[in-house]
Amino acid sequence: MQFDFTPVLERLPYLAAGAWLSLQIAFLAFAMGMLIGLGGASVRAYGPGWARRLVGIYVAFFTNTPQLVQIFFIFFALPDAGILLSSYQAVLIGMTLNAGAYLTEIQRAGFESVRRPELEAAETLGFSRLQTIRYVILPHIIRVLFPPLSNQYILMTLGTSMAAVFGVEELTGRAYNINSETFRSIEVFSVAAVLYVIITLIATLSLAFVGKRFFRAKMRWF
């Protein structure tokens, strides 16, 4: 068997554009999931009982069912209810809701790690609940939770590969396309794997720099 990477390397810009789309999807889903997670964690920590139960049901559902099944439901079942979404929109919404559930639990752990004297000091200064979250809790959890949040982002970047199932031309989707044209499976997916390693290393190093530089987080470069 002879290996020929020429047909694949000729399409490297096409694959690189897919890698960039993978990063975009992961970033948007993570950013929106962070907002959902912050709201969910706030409710789990300080909300009324009925609200905590609702968030608990949301978290239990999305953390105990496969993300792929969730996106299948959004993409194929919602049209029966008159909600039509593109494959990109369905993937982004599915990944966002899934991320929001996991990030709710991660951030809730950060809420619970805040020392009681800090909360009592905020109460003494007359801080409202929102002010306490903004000025006391958030700075603390960003520093403490930056490493696990970074790991979650890397996992989400790799998880964008499932978007290919729905026809989204991210990195894996474009690798499928090239493979169907060249039938060079080993070469195509070897190059795709190398590109995944590159983008995850870039993301890891960037997050480690940001964590150390701005939040004094304990980060490992590798």
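**Exercise 1. How many aromatic pairs does the count come to?**

Before we start, keep in mind that this is a predicted model. The count comes to nine aromatic pairs. Let's work through two of them.

*Step 1.* Begin with phenylalanine 75 and phenylalanine 76. Their rings sit 4.9 Å apart, centre to centre, with 80° between the planes, and the pair is edge-to-face.

*Step 2.* Now take phenylalanine 75 with phenylalanine 166. Ring centres have to lie within 6.5 Å to pair, and planes over 60 degrees apart count as edge-to-face. Here the centres are 5.6 Å apart and the planes meet at 75°, so this pair is edge-to-face.

*Step 3.* Where do the two partners sit along the chain? Phenylalanine 75 belongs to helix α4 (residues 67-77), while phenylalanine 166 lies in the loop between α7 and α8 (171-182). They are 91 residues apart, so the pair links distant parts of the chain.

*Step 4.* Zoom out a little: Phe72, Phe75, Phe76 and Phe166 are linked into a cluster by ring pairs.

**Exercise 2. Sort phenylalanine 166, asparagine 179 and phenylalanine 183: buried or exposed?**

*Step 1.* Grab the cut-offs: under 20% relative accessible area is buried, and over 50% is exposed.

*Step 2.* Phenylalanine 166 comes in at 7%, so call it buried.

*Step 3.* Asparagine 179, a residue of helix α8, has 16%, so it is buried too. Skip its neighbours within four places in sequence, and its contacts are Arg184, Ser185, Val188 and Phe189.

*Step 4.* Phenylalanine 183 has 69% relative accessibility, so this one is exposed. You'll find phenylalanine 183 in the loop between α8 and α9. Check its backbone as well: phi is near 60°, a positive value in a residue other than glycine.

**Exercise 3. Describe the largest pocket and its lining.**

*Step 1.* Start with the volume, which is about 400 Å³ for the largest pocket.

*Step 2.* Next, look at who lines the largest pocket. There are 18 lining residues, and the closest to the centre are Phe30, Met34, Ile142, Phe146 and Leu149.

*Step 3.* Which elements give two or more residues to this lining? They are α2 (12-46), α7 (129-159) and α9 (185-214). The largest share, eight residues, comes from α7.

*Step 4.* Finish with the chemistry: the lining of the largest pocket has 16 nonpolar residues, two polar ones and no charged ones.

Key
Residues numbered from 1 in each chain as written. Predicted model: local features only at pLDDT ≥ 70, side-chain atom pairs only at ≥ 80, totals over all residues. Heavy atoms only, no water. 1 Å grid on protein atoms, 1.4 Å probe; cavity = no way out; pocket = protein on both sides within 12 Å on 5 of 7 lines; lining within 4 Å. Points joined across faces, edges and corners; volume = space filled by probe spheres on them. Helix = DSSP H or I, 4+ residues; strand = E, 2+ residues; numbered from the N terminus. Nonpolar A, V, L, I, M, F, W, Y, C, P; charged D, E, K, R; others polar. Phe/Tyr/Trp six-rings, centres within 6.5 Å; stacked < 30°, edge-to-face > 60°. Buried < 20%, exposed > 50% of the residue type's maximum accessible area, 1.4 Å probe, protein only. Contact = heavy atoms within 4.5 Å.
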